[in-house]
Amino acid sequence: MPGKNVSAKSLKRKVFARTPALLVTLAATAVGLGALMANNATAVPGARTISFYTPNTKQNLTVTYKRYGQYIPSAMRKINYMLRDWRTDQVVRMDPKLIDLLWEMHKGLGSRKPISVLSGYRSTKTNAMLRRRSSGVSRYSRHMFGVAADVRFPDISLEKLRNFAMLRQRGGVGYYRGSFVHVDMG
């Protein structure tokens, strides 16, 4: 079957006539995909985004701290700063497993509000001051090692928060009725 004889000139005209429409379609697709990816940062497999509020400093932080099973160093530095000893302004490296536990609790309980962190890291100076005020503060508090946090989830009862933390069996859980739940990686 003989082919149709097409001149190179007419072929160029057909291809170039369709090029603008093709480019517009490709550009629209790229823009749409970019917007979809930007709006669904947590849709990345293994991405973990967490939100904190610290009542003592009135600071908020929402950050994706883990992606593809890897902690994001810049995000972890922001979390370390957020959970610092607000009395002395000292910052330490918080245990990433503690942050994972808080994320799991937040997600598992369906909380929609930022995690209120009343106490993250505590310097030895702050811990000693708190011990003088209360017999309930341990001399070797896990807070001094960056592996503990006292938290509330504003839209979840403290009882549910405590029970969920206990079911995780990751470390210590303290329940301070009407105030907060203590979790640590002990």
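In the predicted model, Gln 169 adopts a positive phi of about 50° just after helix 5. The helix that precedes this residue spans residues 158-168, and its buried residues are Leu 158, Leu 161, Phe 164 and Ala 165. These four lie on the same side of helix 5, because they cover an arc of only 130° around the axis. The face turned away from this buried side carries the exposed residues Lys 160 and Leu 167.

The buried residues of helix 5 are covered by several elements, including helix 3 (96-108) and strand 5 (148-152). Strand 6 (173-176) and strand 7 (180-184) are likewise among the elements that cover them.

Strand 7 also contains His 182. This histidine has a relative accessible area of 13% and is therefore classed as buried, the limit for that class being under 20%. Two polar contacts involve its side chain: the side chains of His 182 and Asp 184 are joined at 2.8 Å, and those of His 182 and His 143 at 3.3 Å.

When residues up to four places away in sequence are not counted, the surroundings of His 182 comprise His 143, Ala 148, Ala 149, Asp 150, Gly 172, Val 173, Gly 174 and Tyr 176, each of which His 182 touches. His 143 thus appears both in this set of contacts and as a polar partner of the His 182 side chain.

Conventions. Residues numbered from 1 in each chain as written. Predicted model: local features only at pLDDT ≥ 70, side-chain atom pairs only at ≥ 80, totals over all residues. Heavy atoms only, no water. Buried < 20%, exposed > 50% of the residue type's maximum accessible area, 1.4 Å probe, protein only. Helix = DSSP H or I, 4+ residues; strand = E, 2+ residues; numbered from the N terminus. Arc of directions from axis to C-beta. Contact = heavy atoms within 4.5 Å. Polar contact = N/O pair within 3.5 Å; in protein donor to acceptor, adjacent residues only side chain to side chain.
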